[in-house]
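This report describes the fold of one protein chain and a selection of its side-chain contacts. The sequence and the structure are shown first.

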Amino acid sequence: MYVCKACGVNLPDNASFCPNCGIELNEQNMGEAPKALEPVEQPCVPTQAPDEWIDGQKPEPNTEKEKQPDPPKKGKWKFQAAHFLLVLPVLILTALLVVVVIAFNTDPKSDVEEKVEMFHEGLAPLPTAVEDGTLLWGYINKDGKLVIQPQFEQALNFSGNGLAAVCQQGKWGYINKNGEFEIHPTFEAADEFGENEYAPVKMNGAWGYIDKSGGFVINPQFDGVEPFAENGLALVQIGGKYGYINRKGVYVIEPRYENARSFGLSGYAAVFVFQKWGMIDKKGEYVINPQFDEMSPFANNDLALVEMNGKYGYINRKGSYVVSPIYEDASSFGENGIAMVKLNGKYGYINSNCQFVIEPTYDMALPFSSDNGLAAVCEEAGGPWGYIGYDGKYKIEATYAFAGEFKSGVAAVTDGEGVFYIDKNGKEIFRPSTDCIHAGTFTEDGYAVIDCINEERDGGYIVINKRGDVIVAFTRLFARE
């Protein structure tokens with residue numbers, strides 16, 4: 001592995017130009033990179049994988065300008081970039097919350113833990129069908145009372161500064177908790193205010209940032225933007241490339257990546273170059289060279305999940321393998337220092353030393369919940385599900401047709417009669433009285449959405465609290481495109 005002597009950036013093998021400064025590379029302006037950046041083979045489990053699983057392939061430069069790079073692989077790696085491919089919500093639940101039914105994704109888009117709540121600043125957006133059948137949005141409180149009347153074509157959550165983005169007559173603005181406009185609707189699109197009191201907005205086909213007065217602090221100029229990270233940098237897209245700006249709108253890292261993700265608490269950001277993922281620091285210097293088909297952010301134990309040639313392993317902050325890619329499936333490490341992995345067709349659990357603490361004996365499994373240290377497992381496909389503890393022993397016996405992950409101390413499970421919710425002791429706390437299609441997981445403020453069919457066979461949704469009280473019910477309708 002080499003570095004560009006002109007700018008100091010690490011280079012992929014066989015590169016003909018520097019991806020940072022663009023200089024044509026030759027023997028005079030190239031030097032060797034530190035060896036620590038290259039992964040070393042240190043499998044921590046006795047089962048050995050074929051050499052091609054471990055070594056992988058070095059990134060090859062794309063010298064054909066007309067050939068566009070393949071997009072990053074999708075599937076289990078569900079990292080979101082909401083504003084790069086912004087689709088304004090058309091389903092009525094989109095602004096309420098991202099409903100997680102009994103199908104779970106455990107890979108975050110960064111190492112910043114996102115708090116999922118239904119009621120922000122005590123209010124939640126709710127769609128209502130008015131007399132002419134039009135779907136308009138208002139806001140309810142935690143008692144289910146409508147406190148801001150339905151009048152908006154779209155509505156997002158309230159931010160910490162007490163403002164919420166709403167759409168009226170095709171334009172976006174921001175209202176206060178009384179439903180009054182503080183920032184008049186003049187934008188083509190808008191998003192919530194971040195912790196730094198900046199909000200991304202779109203005007204004249206370009207994205208920029210405003211403050212709570214509604215004035216631009218960074219003028220519209222980008223094809224896509226993300227909120228600012230804690231290190232004061234925001235991911236932006238322009239001309240098909242990704243880079244990072246500071247709060248003044250000045251590029252700290254020029255747009256040169258084919259894809260990229262926001263900075264996390266680790267201080268690193270994942271970037272995609274020459275068909276491979278690596279990581280950079282806030283100066284734009286590679287701390288882990290682009291070499292992986294996919295990679296997750298670093299967990300609390302300083303290990304990151306990576307994928308090579310369809311197999312999964314873990315690296316440390318130096319980019320060295322702690323365990324080589326030998327698993328058929330894997331999750332990132334949780335706060336408890338435990339990760340779920342699949343080896344030889346069976347699921348088990350490993351610790352931060354990549355040693356099995358629970359041997360791979362399950363046909364199906366979910367990661368351990370950070371709420372109560374329980375994991376849903378199924379020993380044989382088609383068989384019953386139950387919950388085990390860190391010692392591998394059942395804490396809730398395997399009696400369910402399916403079992404979901406515990407969130408906010410509650411899990412959705414199914415039996416022969418349908419879907420219901422249980423607590424950490426396996427006690428049933430709520431069973432919908434109507435036919436349930438999907439049971440959403442509970443948010444951190446203690447609410448869940450259930451998609452159901454009532455006695456008249458009409459579709460609808462109900463919002464419940466953890467006591468099973470129905471806060472509000474509404475019909476399944478779709479907003480106008």
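Which residue of β40 stands opposite His-438? The residue is Asp-451. The model discussed here is a predicted one.

## Overall composition

The secondary structure of the protein consists of one helix and 42 strands. The chain has 481 residues, and 50% of them count as buried. The exposed surface of the protein amounts to about 22300 Å², with carbon and sulfur atoms supplying 47% of that area.

Contacts can also be sorted by the distance along the sequence. Among contacts between residues at least 6 apart in sequence, 38% join residues at least 24 apart.

## Strand pairing

Strand β39, residues 435-439, is joined to β40 by four bridges, and the two strands run antiparallel. The position where His-438 stands opposite Asp-451 belongs to this region. Strand β40 spans residues 447-453 and is mostly covered, since six of its seven residues are buried.

An open sheet is formed by four strands in the order β27-β28-β29-β30, with antiparallel pairing. Its edge strands are β27 (329-330) and β30 (356-362), each of which pairs on one side only. Within this sheet, five bridges join β28 (residues 339-343) to β29 (residues 346-350), and these strands run antiparallel. Met-340 has Tyr-349 in β29 as its bridge partner. As general background, strands of a sheet pair through backbone hydrogen bonds, either parallel or antiparallel.

## Aromatic pairs

The structure holds 20 aromatic pairs. One of them is formed by Tyr-244 and Phe-263: the ring centres are 4.9 Å apart and the planes stand at 65°, so the pair is edge-to-face. Tyr-244 lies in strand β17 (residues 241-245), whereas Phe-263 lies in the loop between β19 (259-260) and β20 (269-273); the pair therefore ties together parts that are 19 residues apart in sequence. Tyr-244 is buried, with a relative accessible area of 0%. Phe-263 is also buried, with a value of 3%.

Tyr-268 and Phe-298 form another edge-to-face pair, with 5.9 Å from centre to centre and 70° between the planes. Because Tyr-268 lies in the loop between β19 and β20 and Phe-298 in strand β23 (residues 294-298), this pair ties together parts that are 30 residues apart in sequence. Tyr-268 has a relative accessible area of 17%, so this residue counts as buried, the cut-off being under 20%. Phe-298 is buried as well, at 4%.

## Charges over rings

Phe-298 has a further partner in Arg-317, whose charged end sits over the ring of Phe-298 at 5.2 Å from its centre. A cluster of Tyr-198, Tyr-209 and Phe-228 is linked by ring pairs. Arg-247 lies over the face of one member of this cluster, Tyr-198, at 4.4 Å from the ring centre.

## Cysteines

How many disulfides does the model contain? The count comes to zero, with a disulfide taken as a pair of cysteine sulfur atoms within 2.5 Å. Among the cysteines, Cys-167 counts as buried at 6% relative accessibility. Cys-354 likewise counts as buried, at 0%.

Definitions and conventions. Residues are numbered from 1 along each chain as its sequence is written. This is a predicted model: local features need pLDDT of at least 70, side-chain atom pairs count only at pLDDT 80 or more; totals for chains, interfaces and linings use all residues. Side-chain values use heavy atoms; hydrogens and water are left out. Buried means under 20% relative accessible area, exposed over 50%, partly exposed in between (1.4 Å probe, protein chains only). Two strands pair if DSSP finds at least two bridges between them. Rings of Phe, Tyr and Trp (its six-membered ring) pair if their centres lie within 6.5 Å; planes under 30 degrees apart count as stacked, over 60 as edge-to-face and the rest as tilted. A charge sits over a ring if NZ of Lys or CZ of Arg is within 6 Å of the ring centre and within 35 degrees of the ring normal. Contact means heavy atoms within 4.5 Å. Accessible areas come from the Shrake-Rupley method with a 1.4 Å probe; for residues, only the protein chains shown count as cover.
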